[in-house]
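The following dialogue takes up the terms used to describe a protein model and asks how each one is justified. Please keep the sequence and the structure in view while reading.

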Amino acid sequence: MEHFWVVGTDTDVGKTFITTLFMRHLQMQGLKVIPYKPVQTGEVADEGRYYYQDTTSYLEYSLQPLDKEALNTYSFSLPASPHYAAELEGETIKEDRLLNTIEKLKLDYDTVICEGAGGLYVPFHSNTTLTLLDVIEQSALPVILVAKTKLGTINHTLLSVKALQARNIDLLGIVFNQFEQSPLEKNSIDTILRFIDVPSVVIEANCTIESFDDKAVFERLMTYDI
Ligand SMILES: Nc1ncnc2c1ncn2[C@@H]1O[C@H](COP(=O)(O)OP(=O)(O)OP(=O)(O)O)[C@@H](O)[C@H]1O
Ligand SMILES: C[C@H](N)[C@H](N)CCCCCC(=O)O
Ligand SMILES: [Mg+2]
């Protein structure tokens, strides 16, 4: 196991949170790791400071120095689907740039963790059918799927898994994220795993990056040679 995607059943499910946790865990194992967010949208303005939440999380929590320029290819201000945010800025996302960047990073790092944008069927263009899923498929890398545990996740998760299976994309496992211990959440997780047989882990809500130290979570989803 070397390079992989962290994708989600939706936006805001915890892809960056999980990417950051995996980055730190693998760095602690002595691997040279880079998180890569090919396309990010939603510039945050905070008291005169402008930043993007995804790449800022990587920089803030990395245990190794990161080349800021290598973390991302396209950033668009509007918190919207990449196809729309790019159109408003007169930009065209070129999938070859993304794929070539991934291939170059793979030469320079032990592990490249690519974070998706939103969910799988997020369009990259306003005038073609290119989606994030197409780029993942072309990258030929496996994925870890991040899902909510709240109501709605059964459908979203099964749809996402079926979409991955239809493209023969290797699903390393599912991270059920922000679990708040309710019987409904537990039933949703059990129901999803009744339909699909893949490794899975559950991460509680209200975790902090710095304090998270459950190695078993990572080792259940991947093996890596040090
Ligand atoms: N297990 C968790 N414990 C505490 N906070 C969490 C957890 N998972 C996610 N969060 C927080 O929830 C918010 C959304 O998570 P995150 O930004 O990782 O979502 P995302 O899927 O990367 O969104 P996007 O589609 O915009 O990239 C963030 O503030 C993040 O810190
Ligand atoms: C702005 C947000 N945080 C993400 N960066 C982009 C989410 C795109 C979702 C598109 C959609 O499924 O409607
Ligand atoms: Mg994110």
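Q: Which residue follows α5, and what is the sign of its phi?
A: The model is a predicted one. In it, A140 comes after α5, and its phi is positive, near 60 degrees.

Q: What makes helix α5 "mostly covered"?
A: Helix α5 spans residues 132-139, and 6 of its 8 residues are buried. These buried residues are L132, L133, D134, V135, I136 and S139. The cover over them includes β1 (4-8), α4 (95-108), β7 (143-148) and α6 (153-166).

Q: Why is K37 called buried?
A: A residue counts as buried when its relative accessible area is under 20%. The value for K37 is 4%, and therefore K37 is buried. K37 belongs to strand β2, which covers residues 33-41.

Q: What is K37 in contact with, leaving aside its neighbours within four places in sequence?
A: Its contacts are D54, T55, Y58, L71, N72, T73, E115, G116 and A117. Each is called a contact because heavy atoms lie within 4.5 Å.

Q: What does UniProt list for K37?
A: An unreviewed UniProt entry lists K37 under "active site". Such an annotation may be inferred rather than shown by experiment.

Q: What makes T16, D54 and E115 donors of the magnesium ion (ligand 3)?
A: A donor atom must be N, O or S and lie within 2.8 Å of this metal. The atoms concerned are OG1 of T16, OD of D54 and OE of E115, at 1.9 to 2.1 Å from the ion. They therefore meet the cut-off of 2.8 Å. The spacing of these donor residues in sequence is T-x37-D-x60-E. D54 is part of helix α2 and E115 is part of strand β6, so this pair ties together parts that are 61 residues apart in sequence.

Q: Are D54 and E115 buried or exposed?
A: Both D54 and E115 are buried. In helix α2 (residues 53-61), D54 is joined by T55, T56, S57, Y58 and Y61 as buried residues. The buried residues of α2 pack against α1 (15-28), β2, β4 (49-52), β5 (72-76) and β6 (111-115).

Q: Why is T20 called buried?
A: The relative accessible area of T20 is 0%. Since this is under 20%, T20 counts as buried. T20 lies in helix α1. Leaving aside neighbours within four places in sequence, T20 is in contact with S57, Y58, Y61 and I209. In addition, the side chain of T20 reaches the backbone oxygen of T16 at 2.7 Å.

Q: Which residues come nearest to ligand 1?
A: Among the 19 residues around ligand 1, T11, K15, T16, F17 and N177 come nearest.

Q: What makes the pairing of T16 with ligand 1 a polar contact?
A: A polar contact is a pair of N or O atoms within 3.5 Å. A backbone N or O atom of T16 is 2.8 Å from an oxygen atom of ligand 1, so the pair qualifies. For G14, a backbone N or O atom lies 3.1 Å from an oxygen atom of ligand 1. Q178 has a polar side-chain atom 3.4 Å from a nitrogen atom of ligand 1. Ligand 1 has 630 Å² of accessible area on its own, and the protein covers 77% of it.

Q: Which residues surround ligand 2?
A: Ligand 2 is surrounded by T11, T41, P79, A80, S81 and G118. A polar side-chain atom of T41 is 3.0 Å from a nitrogen atom of ligand 2. In the side chain of T11, an N or O atom is 3.4 Å from a nitrogen atom of ligand 2. The protein covers 61% of the 390 Å² of accessible area that ligand 2 has on its own.

Q: Why is Q178 called partly exposed?
A: Partly exposed residues fall between the cut-offs of 20% and 50%. Q178 has a relative accessible area of 40%, and is therefore partly exposed. Q178 lies in strand β8 (residues 171-179). Although Q178 is not a glycine, its phi is positive, at about 70 degrees.

Q: Why is N206 called exposed?
A: Exposed means over 50%. With a relative accessible area of 72%, N206 therefore counts as exposed. N206 is placed in the loop between β9 (200-204) and α8 (215-221).

Terms used: Residues numbered from 1 in each chain as written. Chains lettered and ligands numbered in written order. Predicted model: local features only at pLDDT ≥ 70, side-chain atom pairs only at ≥ 80, totals over all residues. Heavy atoms only, no water. Helix = DSSP H or I, 4+ residues; strand = E, 2+ residues; numbered from the N terminus. Buried < 20%, exposed > 50% of the residue type's maximum accessible area, 1.4 Å probe, protein only. Donors = N, O, S within 2.8 Å, 3.2 Å for Na, K, Ca; no water. Near = heavy atom within 4 Å. Polar contact = N/O pair within 3.5 Å; in protein donor to acceptor, adjacent residues only side chain to side chain. Areas by Shrake-Rupley, 256 points an atom, 1.4 Å probe, with all protein chains shown as cover.
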